[in-house]
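Biologist: I am new to this structure and would be grateful for a close look at one part of it. Could you please concentrate on the charged side chains that pair with one another, and then place them in their surroundings?

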Amino acid sequence: MADGEFYRSMLLKPYESGFVNGGPHQLERPNFFIVPQGRCAEFLLFSTLGDMIAEKRRNDCSAPTVIISNGFFDTTGANAIAAGFSLETFTQPGLTDPFPEELVGKQNPFKGNLDLAATETFLDQHQAQVCMILITITNNWAAAQPVSMANIRGAAELARRRSIPLFFDACRFAENAWFIREFESGYSDKTIPEIVQEMFSYVDGFTISLKKDGLSNMGGILSFRDGGLLAQQYDAIGLRLKERQILCYGNDSYGGMSGRDIMTAVVGLYEVTKEPYLRTRINQVRSFAEKLQADGVSVLLPPGGHAVYLNMDEFFHGCDRHAGDFPAVGFTLELLKDFGIRAAEAGPFGWEWDKKPPELQAKIPNLVRFAVPRHVLSDQHINYTVAAIKELHNRRHSIPNVKITRGKNMRLRHFSAGMKPIPVNPTLTNTTYLREATRQLSHLSRALDQDSVKDELLNSALGISMEGWGQLPIPQDVSSSRWVSGVSNDHSPFEYSVVLDQETGDTELRFLIEAQPLQGEGQGNLTQLQAEAFALAERIADKNRNKVSLDRFRAVRDLFMPSKPEGSFAAWFSYASGKDGAEWKIYLNPCCTPGRHDAISRTRAAFERIGLAESWAAVESVIAPYESVVYFSLDLSSDSNHSRAKVYVSHGTSSTASAIAEKHAAICPHANPYEIQRFCEAMGGGNLGPYEQKPLLSCFAFTSRAPGQPVGTVHFPVSAYAGDDREIQERIERYMVAVSVPSLYKKRYRKIISAVQRRPLDQGVGVHAWVSLKQGPGDKRSNTFYISPGLFLCRREK
């Protein structure tokens, strides 16, 4: 029953000065353009603007050609470049900085912000070249991170002061508004539509894909403010845009979209600002991220609004992958091939790392994007995806790299380039002992966030320890013609250990090493190994004259290094980057001649020579007939009062957790028998003994300052009591829950294992060697994880 008057009075009302001119004003000054997709809106804007700037340039060589943004989405940047613009990205620093997991959902640093200081600095030098500032909300280039209202307001003030049009790439405007309401001061009482209205009050125009926060199957919009800066600076730009719209997409009343899709977008733009929808949407993405984090897969935090982004630098930590190898693309290929899940690399390949100078390469995050479709995924879908990602993380060492075979220089090459998977070889080839130890220690140091000073000390200590033999190539297996070291489970001549404090998660990184002879005659001879140990001790003392003293070692050397030695080793050395600098220890062999009685007598004599006879008497009083002394250790410290002497007792295969706990309680005033039994039970997979596979060890450490206050440590040989390293990890993580360690502890434990493993943890034992529990004053407890470097084949590989 509608007639022309109805349409004129109800739908064709004349209004202006906003984002949508109505009635005759839309004919005279069109400023609202419907198109099939968001990228069509970008093309319409940038191609038309580029043409108009090119026309100006005929008479003005300083015509602007630069667009500044907090982050260009791929199609946005490609359309701008195709139109002749140069792009400058100034994202707020700290995108990949760690964010505390416990603060997710409570705080948000708005990592998607435009870096206003960097933008202003650029404008100070190049303002004449800049034609637009574009803020992407949420910032899809920067892992879907939100932009704060304060940042939008600051950008608007800067743009107004510099007379530069400010635009939104508004694809996720409603999700961005949700983050503002939840986390920005002053907005908790505002409705989402009120926040959206304020956001858009600061800009001169926007583009949007209606497939995003329009909740539509299709569609896009370009709009600019009537009478705003863009309209002022480019006369009749609206008519030029309309002309191109009609040429490319159809009349401006529908822009190539079907009526059904237009109506869907109308409804979607209302629905998307409703709180129940946004709450469900944001919480599903957050839950996805939290499940991945709980499974040890690093996610960029806090999670954004519509997608979860894997941190691929952390995903491949320890694998020595390089940006130009595009391993993250290999991950997405494996995910699609094996699990039918599609994800998108949003890193070196997508952002064309290989075609950029080093200063721009450094800005490119290494991410994989898991966009969560709206109203589609159930918890079962999310759980399946998490399980698939976890499986690939477990076998990340074999995920192929990728080589581009077609379309390397195409725009938006990630849509159509050809790629070839390149297999990787996780085994050691053509490397030396020193090079491999340096590589692994570097990864371990990074896993623990160790500072550069400690890194330098660690590398220096490693160089001293491996002088000469460290340059030898690592053989493919342990040959019978060379010395088979007992330092690590796989017979590597060095081993790593990491101390984690149960209360704070604080760490200490150490290595244990056996000085090796050079290849040649006499290799593998204990007498020669003694000579190498003497030489290393002298080098350590020479390089650390203010910290290291060999006096106590020299006082007992003849006891443990006889002229005709026997046994499994001559001497081992340990290094730690302590709070006060380098800390060295030497481990000596009480079993250098056969016989349990001789080992005990030798250890007794050593304690007497260094003035700790009563301390040894306390240990000897609890040693059972089936137990033996296996190591004697001295701190090589110049501080004689605080320098420790330690003895290691092997409990034999008849000991139980309760018997071991009783011995510690009898000797150490800080020992808690319950904690010892709980630790042994957890590491043994519920077994409280007897431990028949491999004896547990107890270490008792004494000082001259407090000889009656020893510190006890229980060492559990976990690799002998589990089927594979995955089982060991599960036991350790259950123990973490039982003793309530902080999240930092758990995170660091997982990262140190990732730093050295070369194969899935469920394919054998060999990464984990020992785990220890140390109890000190004030109920202070720490665990140490002893990690084999895996130079040679490990025991019981599947």
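Modeller: The account below begins with the whole chain, turns to the salt bridges, and ends with other contacts.

The model is a predicted one. The protein contains 26 helices and 22 strands, and its C-alpha atoms fill a box of roughly 115 × 50 × 45 Å along the principal axes. Of the 798 residues, 56% are buried.

Side chains of opposite charge can pair when their charged atoms come close. In this model the count of salt bridges comes to 47. One of them joins Arg-181 to Glu-275, with 2.5 Å from N to O. Arg-181 belongs to helix α7 (residues 173–183) and Glu-275 to helix α12 (residues 275–294), so this pair ties together parts that lie 94 residues apart in sequence. Arg-181 counts as buried because its relative accessibility is 12%, below the cut-off of 20%. Glu-275, at 26%, counts as partly exposed.

Another salt bridge is formed by Glu-467 and Arg-539, whose closest N and O atoms are 3.6 Å apart. This pair links distant parts of the chain, 72 residues apart: Glu-467 is in the loop between α18 and β13, while Arg-539 is in helix α19 (residues 526–543). Glu-467 is partly exposed at 48% relative accessibility, whereas Arg-539 is buried at 18%.

A further salt bridge connects Asp-558 with Arg-609, and here the closest N and O atoms are 2.6 Å apart. Asp-558 lies in helix α20 (residues 551–560) and Arg-609 in helix α21 (residues 596–609), so the pair ties together parts that are 51 residues apart in sequence. Asp-558 is partly exposed, with a relative accessibility of 46%, and Arg-609 is also partly exposed, at 42%. Salt bridges can also form a network, as they do among Glu-120, Asp-124, Glu-157, Arg-161 and Arg-162.

Charged side chains have other partners as well. Lys-56 lies over the face of Tyr-234, at 4.5 Å from the ring centre, and Arg-557 lies over the face of Phe-534, at 4.7 Å from the ring centre. Arg-759, in the loop between α26 (743–756) and β21 (768–776), has a side chain joined to that of Asp-725 by a polar contact of 3.0 Å. Arg-759 is buried, with a relative accessible area of 12%. Val-756, in helix α26, is likewise buried, at 4% relative accessibility. Val-756 and Leu-444 are 7.7 Å apart in space, C-alpha to C-alpha, although 312 residues separate them in sequence.

The aromatic rings form pairs of their own, and the count of these comes to 36. Among them, Phe-168 and Phe-200 meet edge-to-face, 5.2 Å centre to centre and with 80° between the planes. Phe-168 is in strand β5 (residues 166–169) and Phe-200 in helix α8 (residues 192–201), so the pair ties together parts 32 residues apart in sequence. Both Phe-168 and Phe-200 are buried. Ring pairs link these two residues with Phe-19, Phe-173 and Phe-206 into a cluster.

Finally, at the surface, Phe-6, Tyr-7, Met-10, Leu-11 and Leu-12 make a nonpolar patch of about 530 Å². Tyr-7, in helix α1 (residues 4–10), is partly exposed, with a relative accessible area of 43%.

Note on methods. Residues numbered from 1 in each chain as written. Predicted model: local features only at pLDDT ≥ 70, side-chain atom pairs only at ≥ 80, totals over all residues. Heavy atoms only, no water. Helix = DSSP H or I, 4+ residues; strand = E, 2+ residues; numbered from the N terminus. Buried < 20%, exposed > 50% of the residue type's maximum accessible area, 1.4 Å probe, protein only. Polar contact = N/O pair within 3.5 Å; in protein donor to acceptor, adjacent residues only side chain to side chain. Phe/Tyr/Trp six-rings, centres within 6.5 Å; stacked < 30°, edge-to-face > 60°. Lys NZ or Arg CZ within 6 Å of the ring centre and 35° of its normal. Patch = residues over 30% accessible without salt bridge, like charges linked within 9 Å, V, L, I, M, F, W, Y side chains within 5 Å. Areas by Shrake-Rupley, 256 points an atom, 1.4 Å probe, with all protein chains shown as cover. Salt bridge = Lys/Arg side-chain N within 4 Å of Asp/Glu carboxyl O.
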